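Work through the exercises below with the structure open beside you. Each task is followed by a solution in steps.

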Amino acid sequence: MAFKGEDHLDSLPLPVQRMHLIQVDSVQRWMEDLKLMTDCECMCILQSKPISIEKDEQNELMLSSQYSTCDNLQLLLKRAWIISTELTRISQKLEKNRWQRVHSMTVRVNCHVRSMINEYSTFTRNSSEEMHQFEKLLLDKCSEFTAFTERCIQTEDEQILKSIKSCINETLTTVAQYFGQLIELFLTHETQNLLRQIELSDSMYITASAINSLFSLTQEGAHLCRIIAKEGGVAALFKICRQDRFRCLYPQTLRTLASVCCVEEGMHQLEKVDGILCLADILTDNSHSEATHAEAAAVIAQITSPHLMFTQHLSSFLENMEEIVTALVKLCQEASSGEVFLLASAALANITFFDTMACEILLQLNAMKILLAACSDKHIVDTPYSRDQVVTILANMSVLDQCASEVIQGNGVQLLMEMLFERSSSGNSAEVAACERVQQKSAVTLARLSRDPEVADAAVKLSCIPRLIKLCRSPTERNNSDSVLVACLAALRRLAVMSPDGLEDSDFQQLVKPRLVDSFLLCTNMEESFV
């Protein structure tokens, strides 16, 4: 049973996906945004406030022109988000023929667009002629939009309103189109400026500031990552990683690279600039800090993610795989924190999907022993997410016949038994999902390893059979997970072959003797039983 299709880095919860992410309290974020959520223009106040009070009036989105303490790019993105949200709401009100609300919101959008263009012109430089053209097109279309909606509140004739509504819909689509194109030009222009700073500046401070701004852009979504990759961001960042004088910037540079390489364009650029070789050099250089090694591991985890459909062109990875795997195993062994171990083990877990030869390399490096030993240290393997990475590696390595003896020597059967009891302590949905994966993969690993009589005997002695039966019969024990149920049925059947005396007759008749699909249907439809 394979686990392809999972992204072992993306499946981690947001708070621990990246050891470097700054945790921002939601109240603190609200307080920061509050400065921007005020009346944007006097004209907006005078023209857009309806006399009637409507339920959604309190949710009006306003943005202040006082932004002296705000980062310019973040201000642009926030303004763009508000305009986009307002355009969506206009479309909704238009469907309900709420003409007064449509007009007031249109006036507000007009104000926001003008403010955005004025604000951007105050901090940008070298604006292109194309940008000026789109600014004029958007402003003209917004004025036309406002004029149409104003006509709607001046008439009650249904025929006139019907004809105007068609024009408004058409104009709204055009406004949205021009707005999207203008934002694309703005962001491309700013990305170019940041990359120019990274490539040309000799100042450590300016370079670090530009990299941090670039990282902030990557957090706004895949589209921004594509723009960065398209404008040569991957090449510029790897250039930093090849200069010793910027060593202190390696962690944040690699962090940004990991984000950019979540899109296909970033992956292609990484291959073009021999990025794999650079990552291998960083991982194998013992003079680098643990933080640098951890961030390099995070890039490896990203580019080898099983859910990505565009990893097969990474031919250079296979050439450097043994060096990379060796360095990652060492990082797991020497990790000083759970975050470092998590990133290194996530990279190894993904690599075991990327190429089957990785499992043989891991076996030669005694990785099984190292990972099993790490699991006994609760300060290092301290979450279901870390255990998910470990059991993924064990499951993929368990297809090798030589793996069984390693598991016995490292007390691995005991660990797999413990993993069958994995439960979420917080009830967080991401953690619950991770616990399900741990249960499923530990059952799969047991099923595979129980080909070996010694492993099967150890599993029986540790009472794995009663635990597997309970997981099959009790939906709450497996959090109603069908994947856990299938894995447990498979493991139970394998152990039943090796030790048929370990089952009650009713368990044998219901969970082992029928076809797997019949036992599955029986377990999914039965009332919970603790017998």
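A residue is called buried when its relative accessible area is under 20%, exposed when it is over 50%, and partly exposed in between. The model used here is predicted.

**Exercise 1. Asp274**

Task: Locate Asp274, state the sign of its phi, and decide whether it is buried, partly exposed or exposed.

Solution.
- Step 1. Asp274 sits in the loop that links helix 12 and helix 13.
- Step 2. Its phi is positive, about 55°, although Asp274 is not a glycine.
- Step 3. Most residues other than glycine have a negative phi.
- Step 4. The relative accessible area of Asp274 is 44%, so this residue is partly exposed.

**Exercise 2. Asn366**

Task: Do the exercise again for Asn366, giving its place, its phi and its accessibility class.

Solution.
- Step 1. The loop between helix 17 (357–364) and helix 18 (367–375) holds Asn366.
- Step 2. Asn366, a residue other than glycine, has a positive phi near 60°.
- Step 3. With 40% relative accessibility, Asn366 is classed as partly exposed.

**Exercise 3. The whole protein**

Task: Describe the protein by its secondary structure, its share of buried residues and the sequence separation of its contacts.

Solution.
- Step 1. The secondary structure consists of 27 helices and zero strands.
- Step 2. Of the 531 residues in the protein, 55% are buried.
- Step 3. Take the contacts between residues at least 6 apart in sequence: 76% of them join residues at least 24 apart.
- Step 4. For a single pair, consider Leu277 and Asn320, which are 43 residues apart along the chain and have C-alpha atoms separated by 6.9 Å. Leu277 belongs to helix 13, and at 40% relative accessibility Leu277 is partly exposed.

**Exercise 4. Length and surroundings of helix 14**

Task: Check the length of helix 14 against the value expected at 1.5 Å a residue, then find which of its residues are buried and what covers them.

Solution.
- Step 1. Helix 14 runs over residues 290–303, which is 14 residues. The expected span is 1.5 Å times one less than the number of residues, and for helix 14 this gives 20 Å.
- Step 2. The end C-alpha atoms of helix 14 are 20 Å apart, so the two values agree.
- Step 3. Helix 14 is mostly covered, with 12 of its 14 residues buried. These are Thr292, His293, Ala294, Glu295, Ala296, Ala297, Ala298, Val299, Ile300, Ala301, Gln302 and Ile303.
- Step 4. The cover over the buried residues includes helix 11 (250–260), helix 12 (264–272), helix 13 (275–284), helix 15 (315–334) and helix 16 (338–354).

**Exercise 5. Helix 14 against helix 16**

Task: Describe how helix 14 and helix 16 pack, and sort the residues of their contact by class.

Solution.
- Step 1. Two packed helices are described by the angle between their axes and the distance between the axes.
- Step 2. For helix 14 and helix 16 the angle is about 30° and the axes are 8 Å apart.
- Step 3. Angles under 35 degrees count as roughly parallel, and helix 14 and helix 16 are therefore roughly parallel to each other. Their crossing is left-handed.
- Step 4. Helix 14 contributes Glu290, Ala294, Ala297, Ala298, Ile300 and Ala301 to the contact, and helix 16 contributes Val340, Leu343, Ala344, Ala346, Ala347, Asn350 and Ile351.
- Step 5. By class, the contact of helix 14 with helix 16 has 11 nonpolar residues, one polar and one charged.

**Exercise 6. Helix 6 against helix 7**

Task: State whether helix 6 is roughly parallel or roughly antiparallel to helix 7.

Solution.
- Step 1. Helix 6 (residues 129–152) and helix 7 (residues 158–200) pack at about 155°, with axes 9 Å apart.
- Step 2. Angles over 145 degrees count as roughly antiparallel, so helix 6 is roughly antiparallel to helix 7.
- Step 3. The crossing of helix 6 and helix 7 is left-handed. Their contact has 19 nonpolar, five polar and five charged residues.

**Exercise 7. Helix 25**

Task: Compare the expected and actual span of helix 25, and name helices that cover its buried residues.

Solution.
- Step 1. The 17 residues of helix 25 (residues 482–498) should span 24 Å, and the end C-alpha atoms are 25 Å apart, which agrees.
- Step 2. Among the buried residues of helix 25 are Val484, Leu485, Cys488 and Arg493.
- Step 3. Helix 22 (429–449), helix 23 (453–461), helix 24 (464–473), helix 26 (505–512) and helix 27 (516–525) are among what covers the buried residues of helix 25.

Methods: Residues numbered from 1 in each chain as written. Predicted model: local features only at pLDDT ≥ 70, side-chain atom pairs only at ≥ 80, totals over all residues. Heavy atoms only, no water. Helix = DSSP H or I, 4+ residues; strand = E, 2+ residues; numbered from the N terminus. Buried < 20%, exposed > 50% of the residue type's maximum accessible area, 1.4 Å probe, protein only. Contact = heavy atoms within 4.5 Å. Axes fitted to C-alpha atoms, helices over the stretch in contact; angles between N-to-C directions. Parallel < 35°, antiparallel > 145°, perpendicular 65-115°, else oblique. Left-handed = near helix turned anticlockwise from the far one by under 90°. Nonpolar A, V, L, I, M, F, W, Y, C, P; charged D, E, K, R; others polar.
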